[in-house]
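Colleague: I am new to this model and would like a close look at a single part of it, taken slowly and with each term explained as it comes up. Could you pick one stretch and follow it through its surroundings?

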Amino acid sequence: MNQRTFALKGNICCSETSSSLSISENSYVICEDGLCAGVFPFLPEKYRGIPCMDTKDCLIIPGLTDLHLHAPQYGYRATGMDLELLDWLNTITFPQEARYRDLEFAEKAYSIFAEDLKKTPNTRACIFATLHVPATELLMDLMDKTGMKTMVGKVNMDRNGTPQLQEESAAASACDTVKWIEDTLDKYENVKPILTPRFTPSCSDKLMELLSEIQKKYNLPLQSHLSENYGEIEWVKELCPNTSFYGEAYDQFGLFGGSCPTIMAHCVHSCEEEIQLMKKRGVYIAHCPQSNTNLASGIAPVRKYLDEGLHIGLGSDVAGGTNASIFRAMTDAIQVSKLRWRLVDSSLKPLTLEEAFYMATEGGGAFFGKVGNFKKGYEFDAVILDDCNLSSPLDFSVKDRLERLIYLSDDRNIKGKFTAGNKVL
């Protein structure tokens, strides 16, 4: 199915609101030149004769968005999980990321990553690479071929790395960043560059000043980390004594939302002032529950963020997280919210399935624009799910079937995937 105007027939599930689902059984969702034309119980006269794929009793959902993952970490998922964040970075992450100066190794590793990510229910992703320009451009080449829509970032880090993984200076980091941007800004159909200061401890004030100038010149979005771990937060206080909380370390350079579209991963321990600044600036939070559990960082107060009306989506945070499917992130988000409610703060009710589904689709997809729903005018990202292999003597509703598919998180149930109207799987 190469045409970008077509219909899919099946049981169509998408968010009605951030806390409710719309389920249309035995219905049609129409893609018109890459955009969604709506969901219909019958094929409208206007669209009679367009190609129609009847998925029988399958479920059809919007594509999922992963707002935060590290491509160079994919190869060592599920190792070092007894370490906390900073020890894990120094012991495992930095030595492994240094290997990406070797393009032969990078091609082998990134080819595995790109092929595996293509098989997930994710249609969009925001991805960290490493500080190496050639390897980052190689990753972008491979991701473009998957057909997924992604943003990929060359990492900036001019301090507190290792001799093998640290840029010579702020000026050298900025120079490499400009070269990379000019190489890739208009090169790809499916991939765009995103500025990626690793986190405040890795970036000097001078580098952040230069990145701010680059951001304004090229009008790029930005991704980084925020308030993930207590040790990290204390370190930022020492490095940035002129700021009163972590978010100000970015905001003082104009790299915290507003005219700089921004994703901040984690926000596990954000103070009230930081939360309000994120809300004011329109910062997107990438909630990464599996990583926050594996690295013993804590449980983010996602209920508070939703109730406050902040932008929030989900991230796998490979390799802090071990599973690149956002189905798994949805399940983990619900589960850890129950633990926070039961053990930490009974005033913050657990997430519902509907809320986790919204975060995985439209909540995170909004960083890419009109993405993550089947509303008219949204980009047509869709995933076809077949649960016929999940044998049971019970007769489940469509919602129950969706819940089982999410909790079981098995990529073998994916029978088709479209991004912006183009068939990916």
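Modeller: What follows is a walk along one stretch of the chain, from a helix through a strand to the loops and the helix that come after.

This is a predicted model, in which local features need pLDDT of at least 70 and side-chain atom pairs count only at pLDDT 80 or more, while totals for chains, interfaces and linings use all residues. Residues are numbered from 1 along each chain as its sequence is written, and side-chain values use heavy atoms, with hydrogens and water left out.

The walk begins with helix α8, which spans residues 272–281; helices here are DSSP runs of H or I with at least four residues, strands are runs of E with at least two, and both are numbered from the N terminus. Within α8, the residues Glu 274, Ile 275, Leu 277 and Met 278 are buried, where buried means under 20% relative accessible area, exposed means over 50% and partly exposed lies in between, computed with a 1.4 Å probe and with protein chains only. These four lie on the same side of α8, because they cover an arc of only 165° around its axis, the arc being that of the directions from the helix axis to the C-beta atoms. Among the elements that cover the buried residues of α8 are strand β11 (222–226), helix α7 (246–251), strand β13 (284–287) and helix α10 (302–308). After α8 comes Gly 282, which has a positive phi near 75°.

One of those covering elements, β13, holds His 287, which counts as buried because its relative accessibility is 2%. With neighbours up to four places away in sequence left out, His 287 touches ten residues that include Asn 292, Ala 300, Val 302, Ile 312, Gly 313, Leu 314 and Met 359, a contact being heavy atoms within 4.5 Å.

Cys 288 sits in the loop between β13 and helix α9 (289–294), and with a relative accessible area of 0% Cys 288 is buried as well. Leaving aside neighbours within four places in sequence, Cys 288 is in contact with His 68, His 266, Gly 315 and Asp 317. Gly 315 also appears among the contacts of His 287. Cys 288 and Asp 317 are 29 residues apart in sequence, yet their C-alpha atoms are 6.0 Å apart in space.

Asp 317 belongs to the loop between β14 and α11 and counts as buried, at 5% relative accessibility. Its backbone deserves a second look, since phi of Asp 317 is near 50°, a positive value in a residue other than glycine. In the loop between β14 (311–314) and α11 lies also Ala 319, which is joined to Val 318 by a cis peptide bond with omega of about 10°.

Leu 314, a contact of His 287, is touched by Met 330 too. Not counting residues up to four places away in sequence, Met 330 further touches Leu 64, Ala 356, Phe 357, Ala 360 and Ile 406. Met 330 and Ile 127 touch the most other members of the largest nonpolar core, which has 106 residues; such a core is a set of buried Ala, Val, Leu, Ile, Met, Phe, Trp, Tyr and Cys residues joined through side-chain atoms within 4.5 Å. Helix α3 (residues 133–146) gives this core its largest share, seven residues.

To end, the walk turns to helix α10, another of the elements that cover α8. Here Asp 307 and Arg 303, four residues apart and so about one turn of the helix from each other, meet through their side chains in a salt bridge at 3.7 Å, N to O. A salt bridge is a side-chain nitrogen of Lys or Arg within 4 Å of a carboxyl oxygen of Asp or Glu. The two partners are not covered alike, for Asp 307 is exposed with a relative accessible area of 58%, whereas Arg 303 counts as buried at 11%. Glu 308 and Lys 304 are likewise separated by about one helical turn, being four residues apart in α10, and they form a salt bridge whose closest N and O atoms are 3.6 Å apart. Lys 304 counts as partly exposed, at 25% relative accessibility. Through shared partners, salt bridges join Glu 308 and Lys 304 with Glu 272 and Lys 279 into one network.
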